[in-house]
Amino acid sequence: MAQPDGKKIFFENLSGAGKAIAVLTSGGDAQGMNAAVRAVVRMGLYVGAKVYFIHEGYQGMVDGGENIKEATWESVSSMLQVGGTVIGSARCKEFRSHEGRLKAAHNLVQRGITNLCVIGGDGSLTGANLFREEWSGLLGELAEQGLIDADAVQMYSALHIVGMVGSIDNDFCGTDMTIGTDSALHRIIEVVDAIMTTAQSHQRTFVLEVMGRHCGYLALVSALACGADWVLIPEMPPEDGWEDKMCEKLSATRSRGTRLNIIIVAEGAIDRHGKPITSGIVKDLVVKCLGFDTRVTILGHVQRGGTPSAFDRILASRMGVEAVLALLETTANTPACVVSLCGNQSVRLPLMECVQMTQEVQRAMDGRRFEEAVKLRGRSFENNLKTYKLLAHRKPESELPVSNFNVAVLNVGAPAAGMNAAVRSAVRVGISEGHKMFAVSDGFEGFYKGQIKEIKWADVGGWTGQGGSLLGTKRTLPAKHIDKIAEQMRKHNINALLIVGGFEAFESLLQLYEARSAYEELCIPMCMLPATISNNVPGTDLSIGADTALNAIVETCDRIKQSASGTKRRVFIIETMGGYCGYLASVGGLAAGADAAYIYEEPFDIRDLQANVEHLTEKMKTSIQRGLVLRNENCNENYTTDFIYQLYSEEGRGVFDSRKNVLGHMQQGGAPSPFDRNFGTKISAKAMQWISKKLLETFRHGRVFANTEESCCLLGMRRRALVFQPVVQLKDETDFVHRIPKEQWWLKLRPLMKILAKYKTTFDVSDSGQLEHVVRNRPKESDASVAM
């Protein structure tokens with residue numbers, strides 16, 4: 001996995017020997033904090049540093065004593081799946097005073113700690129930066145008071161700080177997602193899905209109030225994820241007269257036959273004059289104006305509780321490792337930084353730049369400069385708001401542009417959670433752009449049989465939260481039936497095609513492109529959205545459906561591991577799906593805390609299996625009680641799940657016993673996760689806008705004619721950007737025999753899993769985050785907005 005520029009550095013060059021790192025969680029708790037603590041501790045120990053827990057946040061740092069304890073490898077076992085923070089968090093008034101910080105400095109110097117990893121919100125990180133700036137002065141005071149000697153002042157002259165943002169609110173500028181946000185969205189969507197069934201039964205309206213302080217992110221994204229009728233957020237208060245508009249919208253929705261309404265209110269929602277809009281006010285308004293049976297549900301601290309999602313575990317583990325690398329590389333002149341996520345990439349940003357930008361948002365809101373506040377929140381937030389407005393509020397027929405174009409949408413390949421959200425988004429954006437939308441049932445099989453019908457705005461209501469494929473999907477490729485497909489295109493005058501699917505969809509698009517020379521009907525704009533649990537489509541880092549499958553794997557692994565609690569030592573061998581692609585096994589292994597994950601992309605032999613058994617045996621004798629081994633279904637034709645289970649059973653005899661479990665199609669089912677709902681919704685909206693643009697570009701002499709490579713594309717997420725890539729150019733990047741891309745980004749995460757499982761391995765850090773500066777608004781072409 002050498003870098004394109006040939007630069008390859010291993011962190012063996014970045015030794016932590018002689019360094020002491022302390023980790024603390026401060027402010028409000030968030031799911032995933034424990035995963036971050038675990039990663040910091042294990043990575044720190046791995047590089048030879050001493051690592052300390054600071055219990056109860058800054059209060060523990062001020063109080064010292066038993067609150068600052070040295071961490072061991074075993075002390076972070078079994079905490080990956082636990083919500084909240086096991087080392088405690090507290091808000092500390094004393095640390096805000098100079099005397100409190102002086103006590104904290106003394107407690108750190110006594111233990112030789114000069115590297116701090118702070119997991120918290122903007123207040124916690126601002127406090128850490130102030131502490132760093134005062135550090136040399138504090139040491140001088142301690143020396144004057146005779147509490148430390150001159151050697152200590154010299155030896156511990158600089159305090160290094162790296163922050164990770166742990167907050168469910170996602171209100172910190174500079175990162176696409178904060179630790180805990182995705183889990184909070186899971187809690188909200190679980191409640192909304194449950195409420196929808198009871199609301200439908202009684203034809204009720206539900207007003208849901210969600211957390212977020214002065215940030216409307218949770219409200220906005222959950223409204224997108226459940227297709228709410230109305231959302232109220234502090235960054236974009238409704239125009240005066242919103243009460244009548246909202247009631248008109250609710251009434252219109254009911255008149256189309258819908259049996260329920262969902263309104264989501266952010267706890268900090270205000271009107272244009274700064275007056276709070278509460279869930280109670282909204283309920284009274286609906287009852288008074290419409291007479292609808294209306295109920296209020298305030299979610300409260302439920303959103304902060306529960307087990308972290310797969311996304312949060314992976315994010316926190318990546319950030320924790322990145323934080324240790326940042327501390328190892330820091331110098332006395334390096335500013336305090338925050339490790340964060342941009343698209344799918346780790347980045348390091350100057351802490352105070354992020355804090356100042358975050359404070360600017362609040363100043364803009366206080367000054368009623370709401371458009372500016374939305375922009376300052378970042379392009380991801382802005383795109384969420386635009387997409388929500390596009391999908392939730394239907395323009396009157398008289399206001400719609402008239403394009404006279406017909407666009408067909410179909411699903412191809414195996415079903416994946418989030419496909420329906422993508423179809424709903426495509427249909428509604430297409431109608432908003434003035435197109436006539438057609439739905440094709442059962443993929444290309446339905447296409448050549450003529451199962452094509454117009455689909456309207458109301459037809460896709462309630463689709464966002466549905467799993468599987470409501471259009472129906474088949475693996476049939478178009479090549480054998482190309483003449484009949486061309487005939488159906490001619491018959492229905494199809495001017496553009498949107499395909500949502502996995503590897504079969506990619507192959508289908510290639511076949512359609514290659515058949516253009518023989519069939520003019522295929523010379524139209526065509527776009528594909530990757531949707532497969534296997535995440536094996538070239539040209540994209542992530543696929544719709546993969547996050548839902550990961551969560552299914554992680555939840556099952558948690559339950560399976562828990563089933564062994566209180567019993568003797570046990571190892572579980574678990575088989576995941578994915579074809580020849582090891583994404584689910586590898587990333588699921590990282591999120592579930594696996595000891596090993598066997599995949600096709602990383603060949604292994606009997607010696608590797610033996611080494612893994614011996615490693616687990618050693619760990620079982622000294623500390624852990626449960627082991628977890630994941631195996632991709634096609635990783636090796638001879639080393640089957642049964643073979644590995646029997647090998648572990650035999651070689652572990654007397655130390656541990658083994659169990660096996662094949663997860664099967666449960667990975668494909670279930671309601672889509674918030675991430676998949678929003679990823680599907682947003683990339684589908686972007687694809688439809690691209691299709692509209694291409695239709696206008698290629699419309700000449702009364703017809704559409706598009707035969708260039710650029711008119712047949714896959715929309716994928718690559719590192720930081722959503723990119724339209726001609727499918728023909730992706731052929732060289734693809735292993736068609738094994739149906740996988742030749743290069744896969746997530747292979748770089750595998751050493752993290754091994755390090756966190758106590759294996760000695762090499763870790764390529766050339767791809768780790770570099771210190772950058774906060775950019776107010778990234779250029780459009782680099783807008784990933786992928787992290788919802």
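In the predicted model, helix H22 is largely enclosed by the rest of the structure, because 20 of its 25 residues are buried. The helix covers residues 674-698, and its length can be checked against the rise of 1.5 Å a residue. On that basis H22 should span 36 Å, and the C-alpha atoms at its ends are 36 Å apart, so the two values agree.

H22 also takes part in lining a cavity. Three cavities of 30 Å³ or more were counted in the model, and the largest of them has a volume of about 260 Å³. The lining of this largest cavity is made up of 22 residues, of which Phe311, Ile314, Asn344, Leu542 and Tyr583 are the closest to its centre. At least two lining residues come from each of four helices, namely H10 (310-329), H18 (546-563), H19 (583-592) and H22. The greatest contribution is that of H10, which supplies five residues.

A separate part of the description concerns an open sheet. Four strands form this sheet in the order S7-S8-S6-S9, with parallel pairing. Strand S7 (230-232) and strand S9 (294-298) lie at the edges, each pairing on one side only. From one strand to the next, the twist averages 15°. Strands of a sheet pair through backbone hydrogen bonds, in either a parallel or an antiparallel arrangement. Between S7 and strand S8 (residues 261-266), the parallel pairing extends over three bridges. Within this part of the sheet, Leu232 stands opposite Val265 in S8.

Two helices pack on the sheet. Helix H6 (residues 181-202) touches strand S6 (205-210), S8 and S9, and the direction of H6 makes about 165° with that of S6. Helix H9 (residues 279-290) touches S6, S7, S8 and S9, and the direction of H9 makes about 170° with that of S9.

One residue, Thr253, was examined individually. Thr253 belongs to helix H8, which runs over residues 242-255. Its relative accessible area is 6%; since buried means under 20%, Thr253 is classed as buried. When neighbours within four places in sequence are left aside, the residues in contact with Thr253 are Asp229, Thr258 and Asn261. Of these, Asn261 falls within the residue range of S8, 261-266. The C-alpha atom of Thr253 is also separated by 8.8 Å from that of Ala458, although the two residues are 205 residues apart along the chain.

Notes
Residues numbered from 1 in each chain as written. Predicted model: local features only at pLDDT ≥ 70, side-chain atom pairs only at ≥ 80, totals over all residues. Heavy atoms only, no water. Expected span 1.5 Å × (residues − 1). Buried < 20%, exposed > 50% of the residue type's maximum accessible area, 1.4 Å probe, protein only. Contact = heavy atoms within 4.5 Å. Pairing = 2+ DSSP bridges. Axes fitted to C-alpha atoms, helices over the stretch in contact; angles between N-to-C directions. 1 Å grid on protein atoms, 1.4 Å probe; cavity = no way out; pocket = protein on both sides within 12 Å on 5 of 7 lines; lining within 4 Å. Points joined across faces, edges and corners; volume = space filled by probe spheres on them.
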